[in-house]
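Subject: Structure for you to look at

Hi,

Here is the structure I said I would pass on. Have a look at it first, then read on for what I found.

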Amino acid sequence: MTSAWALRKQRIYLRLADLECAVFAGDRPHLSGWELRERILQTLERLPRGEMDAWLAEHRQVREFVETQPPPSTTP
């Protein structure tokens with residue numbers, strides 16, 4: 001079980017690294033800023049709360065990106 005969790009955490013952190021690169025590069029042609037924000041948060045929710053908070057504290061630019069994204073427009 002422990003090795004399964006370690007592999008899962010490794011995949012989560014790799015996914016977060018990919019999402020972080022998308023934030024840095026602005027490279028998200030198929031994602032709006034809000035969608036990228038939601039993917040980051042959904043991925044972080046897979047980690048224990050303490051690790052999620054620590055990751056956000058260590059990755060300030062991603063945290064600021066998440067905090068500043070406006071919600072999607074509801075007007076057509």
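Let's start with α2 and a bit of helix arithmetic. With 1.5 Å for each residue, the twelve residues of α2 should span 16 Å, and the C-alpha atoms at its two ends are 17 Å apart, so the two values agree. Which residues of α2 are buried? They are G33, L36, R37, I40, T43 and L44. If you look down the axis of α2, these buried residues fall within an arc of 130 degrees, so they line one face of the helix. The cover over that face includes α1, α3 and α4.

Before going further, keep in mind that this is a predicted model.

Now step back to the chain as a whole. It has four helices and zero strands, and from the N terminus on the order is simply α-α-α-α. Its C-alpha trace spans about 50 × 25 × 25 Å along the principal axes. The chain has 76 residues, and 29% of them count as buried. Its accessible surface comes to about 5,400 Å², with 54% of that belonging to carbon and sulfur atoms. One more number for the whole chain: take the contacts between residues at least 6 apart in sequence, and 68% of them join residues at least 24 apart.

Next, the inside. The largest nonpolar core has 16 residues, and the ones that touch the most other members are L16, L36, I40, L44, W55 and F65. The elements that give two or more residues to this core are α1 (2–25), α2 (33–44), α3 (49–58) and α4 (60–68). Which element gives the most? That is α1, with five residues. If you want one residue to click on here, try W55. Leaving aside residues up to four places away in sequence, W55 touches Y13, L16, E20, L44 and V62. Two of the names in that list, L16 and L44, also appear among the core residues that touch the most other members.

R15 is worth a look too. This residue lies in helix α1. Is R15 buried or partly exposed? Its relative accessible area is 32%, so R15 counts as partly exposed. Again leaving aside residues up to four places away in sequence, R15 touches R39 and T43. You can also compare sequence and space with this residue: R15 and L44 are 29 residues apart in sequence, and their C-alpha atoms are 9.6 Å apart in space.

Then there are the charged pairs. Side chains of opposite charge can pair when their charged atoms come close. A search of the whole structure finds five salt bridges, and here are some to look up:

- R37 and E38: their side chains meet in a salt bridge at 2.5 Å, N to O. R37 counts as buried because its relative accessibility is 18%, which is under the 20% cut-off. E38, at 26%, counts as partly exposed.
- R49 and D53: the salt bridge between their side chains is 3.5 Å, N to O. Both residues lie in helix α3, four residues apart, which is about one turn of the helix. R49 is exposed, with a relative accessible area of 59%, whereas D53 is partly exposed at 37%.
- E67 and R63: the side chains meet at 3.7 Å, N to O. These two lie in helix α4, also four residues apart and about one turn of the helix. E67 counts as exposed at 57% relative accessibility, while R63 is partly exposed at 28%.

Last one: Q69. Where does Q69 sit? Its place is in the segment after α4. Q69 has a relative accessible area of 18%, so this residue is buried. Leaving out residues up to four places away in sequence, Q69 touches G33, W34 and R37. That brings us back to where we started, since G33 and R37 are among the buried residues of α2.

Have fun turning it around on your screen.

Cheers

How values were computed. Residues are numbered from 1 along each chain as its sequence is written. This is a predicted model: local features need pLDDT of at least 70, side-chain atom pairs count only at pLDDT 80 or more; totals for chains, interfaces and linings use all residues. Side-chain values use heavy atoms; hydrogens and water are left out. A nonpolar core is a set of buried Ala, Val, Leu, Ile, Met, Phe, Trp, Tyr and Cys residues joined through side-chain atoms within 4.5 Å. Buried means under 20% relative accessible area, exposed over 50%, partly exposed in between (1.4 Å probe, protein chains only). Contact means heavy atoms within 4.5 Å. The expected span of a helix is 1.5 Å times one less than its number of residues. The arc is that of the directions from the helix axis to the C-beta atoms. A salt bridge is a side-chain nitrogen of Lys or Arg within 4 Å of a carboxyl oxygen of Asp or Glu. Accessible areas come from the Shrake-Rupley method with a 1.4 Å probe; for residues, only the protein chains shown count as cover.
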